[in-house]
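Let's take a walk through this structure together, one stop at a time. Have the sequence and the 3D view open as you read.

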Amino acid sequence: MSVCCGVECFFALGCLRWAWKRCTYVGGDDSATWPPATVEEFESVPHLCRVILAVYEEDLHHPKCPPLGGYRLNPDYVVKRVTYQETLGHAPPHLIYLDHDRREIVLAIRGLNLKKESDYKLLLNNRLGMQMFDGGYVHHGLLQSAIWLLNQESENLKRLWIENGSCYKMIFVGHSLGSGVAALMTVIVVNHRDMLGGIPRELVRCYALAPARSMSLNLAVKYADVIYSVVLQDDFLPRTATPLEDIFKSIFCLPCLIFMVCLRDTFIPEGRKLRDPRRLYAPGRMYHIVERKFCRCGRYPPEVRTAIPVDGRFEHIVLSSHATSDHAIIWILREAEKAVQLMKENKNSSESITTAPKVQKFSRLQSIEEEHKDALERAVSLNIPHAVKTTDDVADNEDRVSTSAVSEEHQEGEAADELASKQKDDVERSPNWHDLVERLFERTKSGKLVKKEDVNAPDSH
């Protein structure tokens with residue numbers, strides 16, 4: 001009897017300890033050790049939030065529900081605006097904005113619409129380990145949506161980039177559901193930049209706001225130099241590692257999902273999570289906006305922390321009443337604007353007080369490159385499946401992918417003629433990104449896309 005009582009007490013203490021740790025865990029703990037972001041790398045986020053909000057307006061010349069301060073964009077520079085009637089359920093609504101002031105071409109994609117069945121179908125079009133791509137796993141429905149969007153808009157993007165001197169940045173930005181589509185579009189584009197006029201990799205950027213988990217960990221780290229994810233405090237979506245069927249249910253029963261996820265994650269070792277190649281994560285470099293603290297009421301002046309985390313990449317659901325409100329694009333806009341304003345004030349005050357030269361932007365860019373290199377090496381040391389070793393491997397892999405069509409062209413004379421005719425046709429019509437994906441990746445018997453390693457390397461004669 002005493003033994004049973006001892007076991008019960010031990011079990012009760014364990015449950016209390018677990019409950020205490022889970023209830024006292026706040027969103028800021030995820031990034032407690034991360035360094036602060038600089039104003040130069042984060043100041044474009046509020047502007048891009050406003051561009052996404054502009055997708056919701058039917059007429060930007062006469063807006064009905066503008067955010068505080070307006071959209072701050074020129075409606076005449078909106079090149080194209082696509083609604084649900086035009087996408088036919090293949091992708092969320094989006095717009096293309098030609099920003100001459102910032103020298104950017106922006107493709108902005110809106111988030112999940114709770115009233116649209118097509119958005120739910122897009123989210124639910126996936127199973128764990130269903131879609132292999134580029135040496136990792138991605139969300140199947142979001143990948144198909146990204147390919148469809150590129151088929152529709154790549155010719156417009158290419159034309160705009162060439163007509164404006166081939167020097168503008170190409171920005172893909174999305175919120176929630178749109179963030180996953182934008183991230184996978186970026187992965188495809190940087191692997192075959194010639195389809196957009198040969199745009200350099202350093203001019204391609206993706207901003208995933210309140211990002212959905214869309215790619216495996218090796219891909220999330222590999223593309224951290226071009227994909228930036230922005231998370232507000234306790235947002236539930238970047239932390240929900242379960243299949244998106246559960247995310248769909250969580251919209252209506254979030255407390256039940258949070259309890260089950262927390263309980264399940266308690267008994268899953270960290271190493272097991274990292275070694276599962278099918279597990280999806282929020283993509284790229286992370287920017288975490290923190291503006292609440294444990295056992296303190298109200299919002300505090302927000303601070304932005306940044307890193308390329310490998311282990312501990314938003315793995316824990318936060319038991320918070322703000323878990324859903326922090327997902328809203330309007331709150332991300334408000335807190336991001338406050339953070340940028342504070343960073344500018346702190347920068348100006350520090351420059352006026354001290355006489356020593358401040359760390360230059362070039363040095364910060366060097367540190368960002370070093371962070372990416374360290375994150376890649378960290379992923380290899382943790383035995384992350386299919387992780388690349390260095391940034392040189394990423395560049396070499398990109399070169400191999402971009403020259404794969406040329407390698408095929410030199411294999412056989414007949415294949416060369418056929419490929420040349422296809423390239424000639426591509427000048428007259430928009431590129432087919434479905435064909436491109438099929439050419440760069442072979443499909444297994446189970447239907448998964450796997451990179452053609454034997455084709456990527458040029459033949460040696």
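Before the first stop, one term: a charge counts as sitting over a ring if NZ of Lys or CZ of Arg is within 6 Å of the ring centre and within 35 degrees of the ring normal. With that in hand, find W331: R334 lies over the face of this residue, at 5.0 Å from the ring centre. You can spot another such pair at Y84, where K116 lies over the ring face, 4.9 Å from its centre. Keep in mind as you look around that this is a predicted model.

Now for the sheet. It's an open one, built from 8 strands in the order 1-2-3-6-7-9-11-12, and the pairing is mixed. Which strands stand at the edges? Those are strand 1 (78-82) and strand 12, and each has a single partner strand, so one side of each has no neighbour in the sheet. On average, neighbouring strands here are turned by 15° against each other, if you ignore direction.

Start at the strand 1 edge. Strand 1 pairs with strand 2 in the antiparallel sense, over 4 bridges, and K80 stands opposite I96 in strand 2. Go on to the loop between strand 2 (94-99) and strand 3 (104-109), and you'll meet R103. This residue is partly exposed, with a relative accessible area of 43%. Its C-alpha atom is separated by 8.8 Å from that of N164, although the two residues are 61 apart along the chain.

Next, hop over to strand 11 (residues 285-290). How many of its residues are buried? The count is 6 of 6, so to speak a strand that is mostly covered. R285, Y287 and I289 point one way, while M286, H288 and V290 point the other way. Strand 11 has partners to look at, too. With strand 9 (residues 227-232) it pairs in the parallel sense over 5 bridges, and there Y228 stands opposite R285. With strand 12 (residues 303-307) it runs antiparallel, again joined by 5 bridges, and T306 is the bridge partner of Y287.

Time for the aromatic rings. Searching the whole structure turns up 4 aromatic pairs. One of them is W34 with F314, an edge-to-face pair at 5.9 Å centre to centre, with 85° between the planes. W34 lies in the loop between helix 1 (2-24) and helix 2 (39-42), and F314 in the loop between strand 12 and helix 12 (329-353), so this pair ties together parts that are 280 residues apart in sequence. Are these two residues buried or exposed? Both W34 and F314 are buried.

Y228 and Y287 come back here as a pair of their own. Their ring centres are 5.7 Å apart and their planes stand at 70°, so this pair is edge-to-face. Since Y228 lies in strand 9 and Y287 in strand 11, the pair ties together parts that are 59 residues apart in sequence. Both Y228 and Y287 are buried, and they join F42 and Y207 in one aromatic cluster.

Finish with two helices. The axes of helix 6 (residues 140-163) and helix 7 (residues 177-191) come within 8 Å and cross at roughly 65°. That makes helix 6 roughly perpendicular to helix 7, and their crossing is right-handed.

Technical notes:
Residues numbered from 1 in each chain as written. Predicted model: local features only at pLDDT ≥ 70, side-chain atom pairs only at ≥ 80, totals over all residues. Heavy atoms only, no water. Buried < 20%, exposed > 50% of the residue type's maximum accessible area, 1.4 Å probe, protein only. Pairing = 2+ DSSP bridges. Phe/Tyr/Trp six-rings, centres within 6.5 Å; stacked < 30°, edge-to-face > 60°. Axes fitted to C-alpha atoms, helices over the stretch in contact; angles between N-to-C directions. Parallel < 35°, antiparallel > 145°, perpendicular 65-115°, else oblique. Left-handed = near helix turned anticlockwise from the far one by under 90°.
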